Amino acid sequence: MKVLKMVVAPAVLATAFAAGAAEIDLAGTWTLTQAESNTVTCPGAVPGGIYTALYEAKLIPDPYWAQNEKLTQWPSRAEWDFARTFDVPASFAAKKAVWLRLEDVDCFADVYVNGQKVGETGNRFQRYDFDVKPFLRPGANEIRARFHSTENISYAETNHYSRAFNICNATVKKINLVRTVQCHGGWDWGITQMDTGFMGTVKLIAVDDARLDYVYTVQNFAPDYSSVEVEVTAEALAPDACEVDFAARIGEASAFRRVSLARGANKVSLTLKVERPRLWWPNGAGDQPLYDFRASLGESSIARRIGLRKLEVINDMDAAPDPVDGKKGRQMTIAVNGKRIFCKGADWIPCDAFENRQDGHYRQLLGDAKASHMNMVRVWGGGQFEHPAFYRLCDELGIMIWHDFMFSCATYPGDERFLAGVRLEIRHQVKNLRDYASIALWCGDNECIGAAKWFDRDEKVRKENVQLCAARAKELDAICRECDPTRTFWPSSPCLGPGNFGDGWKDDSSGDMHYWRVWFGDEPFDNYYSVRPRFCSEFGFQSYPSVETSLTYVSPDQLNPTAPDFYYHQKCPNGNRYILRTMMRYFRFPKATKYVHYLSQVQQAMAIQTGVEHFRRTMPRCMGAIYWQLCDNWPVASWSSIEYGGKWKHLQYHARRFYAPQTILVAPAYKDKSTLEVWAVNDADAPLVGTATVENRAFEGGVIAAHKLSMDVPARSAKCLGRFPVDSFGTEEERTRRFLALAADGCPDNDWQFQFYCNSHLGDAHVTAELAEKGGEWTVTLSTDKPAFFVWADAYGIRGTFSDDSFTLLPGRPRTLVFTKRPGEKATFEDFRKAFSVTHLRESYD
């Protein structure tokens, strides 16, 4: 590979930019045929997979309905041909070199052009460039790809190994032996739908000088951020030695030079300087300006938008022992442009098992995350490298990405045959994605160090599994250092940090933590108070979808959680047991099935709010709370806060409050449940100054006592405002009829319950609603005669969100909500009036 590097002063050189290499995009409608029989044939969209094509052609039933998943497994075990014809202009065919570029091919395909095999694929996450010039002709051409069953091949792969490699949760038990989306083989929230097809780019590229493969930057800021030198690197493949122009522009800054390319792989660089850069910030910390960026090399060019920012992962050893537990550990803090950021968000899984639909979900889901004050999603390692629109939106919205590599909950081979493909995929993905400002770090896998000990009791095998994890992490680290030295490589999630595979499920002193004792351990929500992680990147609690969403996949007689069709959409072993046992722990027995759905979402919100508020009050020890999970890939009982289809669960509304930049909360003192502490949390750059009020209220409506607390909370910190003995709020029996209501300047209201709700004597509140339309805005004003909890406003069948929901409503303090329709929603205000309903916790039981 020839490497050239040069610094060039900024200049305006518009003529240096070429028009671009010749390309023929082969996206569109192809013909899909079942290869063995030729009896099943239909149109098939590219990008896209077999399941979308078959469903749209009505050749399979809706896999999401009832138990139809069982009836739609046969396509993944068959072989399929995708084929189409296309025209090639004579000038295109005459170019010196022509390649067929394929991205996101899932997964095993033999590719033919005009009847001649040009290449084969076997890794969803690699890019393939096949030389097709010898096989093309001017005029009409044909391309065909024979896709083999990924599922069948995964089981055949076991023949290459003398030992077993296992995966947790998947129903396709050997999917970990092939490089595809692991959750396509089923998960404890996901359908088994082993899709196959061209899921990304399919195009022809023709050049005379050089094919531009990657362009990426390194940003070097002045100490005061008054300027930034941007080193632009291009990697290109030249069919022959040549001289070409290399140019780059960011905003108004540009640079240009003439470069000599050798035959084969080349790497060339130049540097330009941006004065007074407008810095990119995560959501809540500042704006997200994106610069137009363009680079050209000879006849090839790329254009995109990039953010200018400096991001660091601080993993320093504590200077002194922790004042609470007396231990020293390591920080896990992300700093952007020198500012330490508390990371708030949720884990991200593929948002639809029908991959063709995913791009349509991105803007809504990520927009909802931004609207809920989230600044990070964690792209989970059992999913996929997402489509380009996902990363563009994260840049646009200020949503940072913790990015796992695609290994999850499994043991994986470590032989050269397996790792050779892994190296190619990681090199490609890192180079391809590294210029997105939103990507905060690369992480080696999800929970694989734990999986090393999950499947085998033989200590020798366990030790070997750990060694394989460590060896793979070392390889991935080296690739990241080579291909993206600007970012931290985090070996695994959870782990205690680079070079430390300690127990991230139990050790809260360093690194990131996955804390699952509350869900899988069936512990009360206050168990979250027993840990003080540095960064909690997974913790969650399941709920059922709303009745509205549930009726999109089961009939009305199947809404009961133990009804066969509804239960089929509970993929977590013991999931119903955990949900229903928790319900009986915290609430009185619901009087109707619809309240089972309602209470499941209430308790999910309670659980995650308890964890997040506790983690936030320990700032700066803890600097991240990422709950499991934001979205679903089909309608299902799960840990998501947004249902499949986009309806917000109670949790998403609570997240908008507990992730607010400034919040007030009550929690027990650490390891002292007899004392309650009132905390204020401030993520803003300015101090939080004002007054907080803590009211001891009766469930029947009166204020028993009120306490005023002065707030002066420094920027980006948490502060205890006051401490109160629990018994200062009444005897144990009196507290069954009381709760605390909190209000503070600049903060969402909050409350605290002394008892589980089943032991509390709630007032029989009567909530009234007044609906109005003014200037196209739909509002609902809610009032109550007694305190009402988890007040839930709903507009059945109308896609949209309320400005707030699932909140405590107090007498004499009416709340006005605004309902915002989703784009494309056709409902009128009269439809809204008819669809509207409101309920609250006391109505859930007799």
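Here are some short exercises on a predicted model, each with a worked solution.

**Exercise 1: empty space inside**

Work out how many cavities of 30 Å³ or more there are, and what lines the largest cavity.

Solution. Start with a handy idea: rolling a probe the size of a water molecule over the atoms shows where empty space is left. Next, do the count, which gives 2 cavities of 30 Å³ or more. The largest cavity has a volume of about 50 Å³. Now look at its walls: I50, P75, S76, A78, W80, H148, S149, T150, M194, D195 and T196 make up the lining. Sort these residues by type and you get 5 nonpolar, 5 polar and 1 charged.

**Exercise 2: the second largest cavity**

Find which helix gives the largest share of the lining of the second largest cavity.

Solution. First, get the volume of the second largest cavity: about 40 Å³. Then list its lining, which is A410, T411, Y412, C448, N465, L468, C469 and R472. Check those against the helices, and α8 (residues 459-483) comes out with the largest share, 4 residues. By type, the lining of this second largest cavity splits into 5 nonpolar, 2 polar and 1 charged.

**Exercise 3: a helix and its surroundings**

Explain why helix α5 (residues 388-397) counts as largely enclosed by the rest of the structure.

Solution. Go through the helix and pick out residues with under 20% relative accessible area, the cut-off for buried. That leaves you with A389, F390, Y391, L393, C394, D395 and L397. So 7 of the 10 residues of α5 are buried, and therefore the helix is largely enclosed by the rest of the structure. Step just past the end of α5 and you meet G398, with a positive phi near 80°.

**Exercise 4: rings that pair up**

Describe the aromatic pair of W187 and W380, then decide whether W519 and F520 are buried or partly exposed.

Solution. A pair of aromatic rings is described by the distance of the centres and the angle of the planes. The structure holds 70 aromatic pairs. For W187 and W380, the centres are 5.0 Å apart and the planes make an angle of 80°, an edge-to-face pair. This pair links distant parts of the chain, with W187 in strand β13 (residues 185-187) and W380 in the loop between β28 (376-379) and α5, 193 residues apart. Both W187 and W380 are buried. Now turn to W519 and F520, also edge-to-face, with 6.3 Å centre to centre and 75° between the planes. W519 has 0% relative accessibility, so it counts as buried. F520 is at 38% relative accessibility, so F520 counts as partly exposed.

Conventions: Residues are numbered from 1 along each chain as its sequence is written. This is a predicted model: local features need pLDDT of at least 70, side-chain atom pairs count only at pLDDT 80 or more; totals for chains, interfaces and linings use all residues. Side-chain values use heavy atoms; hydrogens and water are left out. On a 1 Å grid over the protein atoms alone, a cavity is a set of points where a 1.4 Å probe fits but cannot get out, and a pocket is an open set with protein on both sides within 12 Å along at least five of seven lines; lining residues have an atom within 4 Å of a point. Grid points are joined across faces, edges and corners, and a volume is the space filled by probe spheres set on the points. Ala, Val, Leu, Ile, Met, Phe, Trp, Tyr, Cys and Pro count as nonpolar, Asp, Glu, Lys and Arg as charged, and the others, Gly among them, as polar. Helices (H or I, at least four residues) and strands (E, at least two) are DSSP runs, numbered from the N terminus. Buried means under 20% relative accessible area, exposed over 50%, partly exposed in between (1.4 Å probe, protein chains only). Rings of Phe, Tyr and Trp (its six-membered ring) pair if their centres lie within 6.5 Å; planes under 30 degrees apart count as stacked, over 60 as edge-to-face and the rest as tilted.
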